[in-house]
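This report describes the pockets of a protein and the residues that line them. Please examine the sequence and the structure below before reading on.

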Amino acid sequence: MKSNLDNIDFKMAAEEEKRLRHDVMAHVHTFAHCCPKAAGIIHLGATSCYVGDNTDLIILRNAFDLLLPKLARVISRLADFAKERADLPTLGFTHFQPAQLTTVGKRCCLWIQDLCMDLQNLKRVRDDLRFRGVKGTTGTQASFLQLFEGDDQKVEQLDKMVTEKAGFKRAFIITGQTYTRKVDIEVLSVLASLGASVHKICTDIRLLANLKEMEEPFEKQQIGSSAMPYKRNPMRSERCCSLARHLMILVTDPLQTASVQWFERTLDDSANRRICLAEAFLTADTILNTLQNISEGLVVYPKVIERRIRQELPFMATENIIMAMVKAGGNRQDCHEKIRVLSQQAAAVVKQEGGDNDLIERIQADAYFSPIHSQLDHLLDPSTFTGRASQQVQRFLEEEVYPLLKPYESVMKVKAELCL
């Protein structure tokens, strides 16, 4: 049997499956053909799920081991981006309406934080995987107890040996014919959560591309549109969003499957699992390859960002202007009314005439504000409106991100495998 482990006649197995209508038994017969002396004991005491479920658990574990370093690399690339732009002020948005300033690096840390949670969740579910082990047809180990003539210790020893040989630290004590399908829910739930994170990140990038503040990589000869030569469509981010939606909905399959597993098992789980488990990991893999490629080539346009800040900052600075006027001896209520009137006039220029925000020019032209005219440049310095964003970025990266990435240092230099 050992000498024929890799001697698999797939053509014969396919013919046997067509005849027997059973995939595991087709391979049992094919293996027996290679090892005729062992034909009488192959699969003795076992059930199909001893083969299928245990193999699935090995594959799930190994699939996580492929995804984890890829996710870590994405986080690492974004961490480099955030660190480099920790101090670059940018307009914040709530409800996609102008809000207080933040920094480009701080916004990126919002993305990184979600991905760090995904990295921890994927690692947790991977490490929590337990082997099905040697359990028999309904999980009672009755067939193995019979083989060992009622020796409980030998049954448990066999279960432990097989579990360890498969590279698992623990096996389920309780199973039906299968390992509980709740495991599949946990696996696809963390992958769906990753999909949600990626969708949010790439949607932000798409919106920023529309604002011309940031773009994903765009190749020298890349074509954005077959009809409009000037287009620079964010197709990689769009691809990630498209695939992320697919990844997010795949978790409904194991939810439905687990809910309809009658008693010890029904076979309506099988065909569904063969699709959704593989598709979830393949989809997550493609998403991470693409997102790494995006994160390695993000382009920022500081001048566009600066112009948008100039358009909105005068309104945001009004509270600072009022406080400066009061410190200079002014009346808070009078100042508030003055600024309210001037702000409405400036807003009318922007909205009705399509002009630039001229609130500051109006304040500079009004003698009432002469006590603080010399302070206006300082009061309008964007860096004074970003709070502790820069310090938050530094602390977040040093205390939370870099320690989390340490186990993956050896694979950090690998470039993205972008699927065209």
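What volume does the second largest pocket have? In this predicted model, the second largest pocket has a volume of about 420 Å³. It is lined by 18 residues, and those closest to its centre are E306, I309, R310, Q311 and L313. Two helices, α11 (302–316) and α14 (359–365), each contribute at least two residues to this lining. The greatest contribution comes from α11, which supplies nine residues. Sorted by class, the lining of the second largest pocket comprises 10 nonpolar, two polar and six charged residues.

The largest pocket may be described in the same order. Its volume is about 1900 Å³. Of its 49 lining residues, V24, Y50, V51, G52 and T55 are the closest to the centre. Four elements each give two or more residues to the lining of the largest pocket, namely α2 (23–34), α3 (48–84), α6 (152–165) and α10 (270–295). Among these, α3 gives the most, with 13 residues. In the lining of the largest pocket, 28 residues are nonpolar, 10 are polar and 11 are charged.

The table below sets out the two pockets.

| Pocket | Volume | Lining residues | Element giving the most |
|---|---|---|---|
| Largest pocket | about 1900 Å³ | 49 residues | α3, 13 residues |
| Second largest pocket | about 420 Å³ | 18 residues | α11, nine residues |

Which element should the reader locate when studying the lining of the largest pocket, as the one that gives the most? That element is α3, with 13 residues. For the second largest pocket, the corresponding element is α11, with nine residues.

Terms used. Residues are numbered from 1 along each chain as its sequence is written. This is a predicted model: local features need pLDDT of at least 70, side-chain atom pairs count only at pLDDT 80 or more; totals for chains, interfaces and linings use all residues. Side-chain values use heavy atoms; hydrogens and water are left out. On a 1 Å grid over the protein atoms alone, a cavity is a set of points where a 1.4 Å probe fits but cannot get out, and a pocket is an open set with protein on both sides within 12 Å along at least five of seven lines; lining residues have an atom within 4 Å of a point. Grid points are joined across faces, edges and corners, and a volume is the space filled by probe spheres set on the points. Ala, Val, Leu, Ile, Met, Phe, Trp, Tyr, Cys and Pro count as nonpolar, Asp, Glu, Lys and Arg as charged, and the others, Gly among them, as polar.
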